[in-house]
Amino acid sequence: MASRLLNRFPTLNNTAQHILSLPFLRSTVASPFLLHSRLYSEDVSSRVPNRSSLNQVELAKFSSIADTWWDAEGPFKPLHVMNPTRLAFIRSTLCRHFQKDPYCARPFEGLKIVDVGCGGGILSEPLARMGATVTGVDAVEKNIKIARLHSESGPETANIEYCCTTAEKLVEEQREFDAVISLEVIEHVADPAEFCKSLAALTVSNGATVVSTINRSMRSYATAIVAAEYILHWLPKGTHQWSNFLTPEELVLILQRASITVQEMAGFVYNPLTGQWTLSDDISVNFIAFGTKNSQ
C-alpha cells in the first residue's frame, strides 16, 4: 500500500535535475509554496558537515517542556498516541530490508540503531525492547536526563546509550549505524539539507534511514497548527512553524542529494472517533519515509 506512493515520482532523477536548474532556486528568498532553495545548496561530497543544523529557538522551546515527556496526557500526548503506528512502519520496513522476522519478539536483534532527536526516549525504549542496540541523541540536556532516568526502570532499556550531542558531532566521531531514525525532528532544524547530510553519514552503506515530518500543505496548516495548537490544545502554541514543513517531494530530493534513496512512504491519519492513528496512502499532513543508503 504505502510503497505505491513512490509511483508519484516515476521520473524522480530527471525531475530533480530539472527542478534544481530552475532560476528561482538560485534566490535566497522564496515563497513557502515554492521549493526552498536552502534545501539544495549543500555539497554532500564531504563526510563531515561544515556547520550545525541546530535551531537554538527550537531547542529552548523543547527544553521548557522536557519534564513532561513521559506524561501521556501532557504536551507530548500526540506522539504517545502516534507511537504504535510509527513503530509498525519501522518494524515492517526494517524487517523487510534486513531480512528479519517481523513476528518474533525481538526482530531487531543484532541491529545498531540511532534515534536522532530522541527527546525523552519514547521511541528509543520500544526499539531496545525489540532487540536493537540503541543510541539516543538529543541536543537538549534535560531531555537526555529524563530519558536516562526513565530507561533505568526496565532491564531491556537500561543499556540504551543516551548522549547529549548532535548528529553532526556523531559524524565527526565516525560513528555508524545499521539504521538511522529521526522522527518529527527535521521540521525543527535550521538547515534540513545539512541535517539529512549528517543522517546519511551516520548510516552504513546499504543501511536504512527513516524520517517522519509534516507536509507543508494548507491541510496541515489547518490541522497541525490551527486545530492541534489553538483549538484542541494538543500541543503548546508555537510548537510548529508552517513554513518549516517539507513536502514529500522536497524530502525525497534532499535525501537523494545525501545519497539516501527513498524506497517507501506512508501517511499517518488520525481517527477522532477511535482516538487512534493508522497508516495510510494519505500523505497530505503527517508522513514517514524509509530509505536506503546508496552503496559507495
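Okay, let's start with how this chain is wired: among contacts between residues at least 6 apart in sequence, 71% join residues at least 24 apart. Just so everybody knows, what we have on screen is a predicted model.

A bit more of the overall picture. The protein has 296 residues, and 53% of them count as buried. It's built from nine helices and eight strands. About 13300 Å² of the protein is exposed, and carbon and sulfur atoms supply 54% of that area.

Now, the residue I really want to talk about is E184. Where do you find E184? Go to the end of strand 4, which covers 177–183, and look in the loop that leads on to helix 7, at 192–202. And is E184 buried or exposed? E184 is buried, because its relative accessible area is 13% and the cut-off for buried is under 20%.

So who are its neighbours? Leaving out residues up to four places away in sequence, E184 touches L79, M82, R86, S212 and T213. Keep an eye on R86 in that list: the side chains of E184 and R86 are joined by a polar contact of 2.5 Å.

There's something about the backbone here, too. E184 isn't a glycine, yet its phi is positive, about 55°.

And here's what the record says. UniProt, in an unreviewed entry, puts the annotation "binding site" on E184, E187 and H188. Bear in mind that such annotations may be inferred rather than shown by experiment.

Let's take H188 from that set. H188 sits in the loop between strand 4 and helix 7, and that is the loop where we found E184. H188 counts as buried as well, because its relative accessibility is 11%.

One more residue before I stop, and that's S259. What is the phi of S259? It's near 75°, a positive value, and again the residue is something other than glycine. You'll find S259 in the loop between helix 9, at 248–257, and strand 6, at 260–271. As for cover, S259 is partly exposed, with a relative accessible area of 27%.

So, to go back over the two positive-phi residues: E184 is buried at 13%, while S259 is partly exposed at 27%. And E184 is the one with the "binding site" annotation from UniProt, along with E187 and H188. That's it from me.

Conventions. Residues numbered from 1 in each chain as written. Predicted model: local features only at pLDDT ≥ 70, side-chain atom pairs only at ≥ 80, totals over all residues. Heavy atoms only, no water. Helix = DSSP H or I, 4+ residues; strand = E, 2+ residues; numbered from the N terminus. Buried < 20%, exposed > 50% of the residue type's maximum accessible area, 1.4 Å probe, protein only. Contact = heavy atoms within 4.5 Å. Polar contact = N/O pair within 3.5 Å; in protein donor to acceptor, adjacent residues only side chain to side chain. Areas by Shrake-Rupley, 256 points an atom, 1.4 Å probe, with all protein chains shown as cover.
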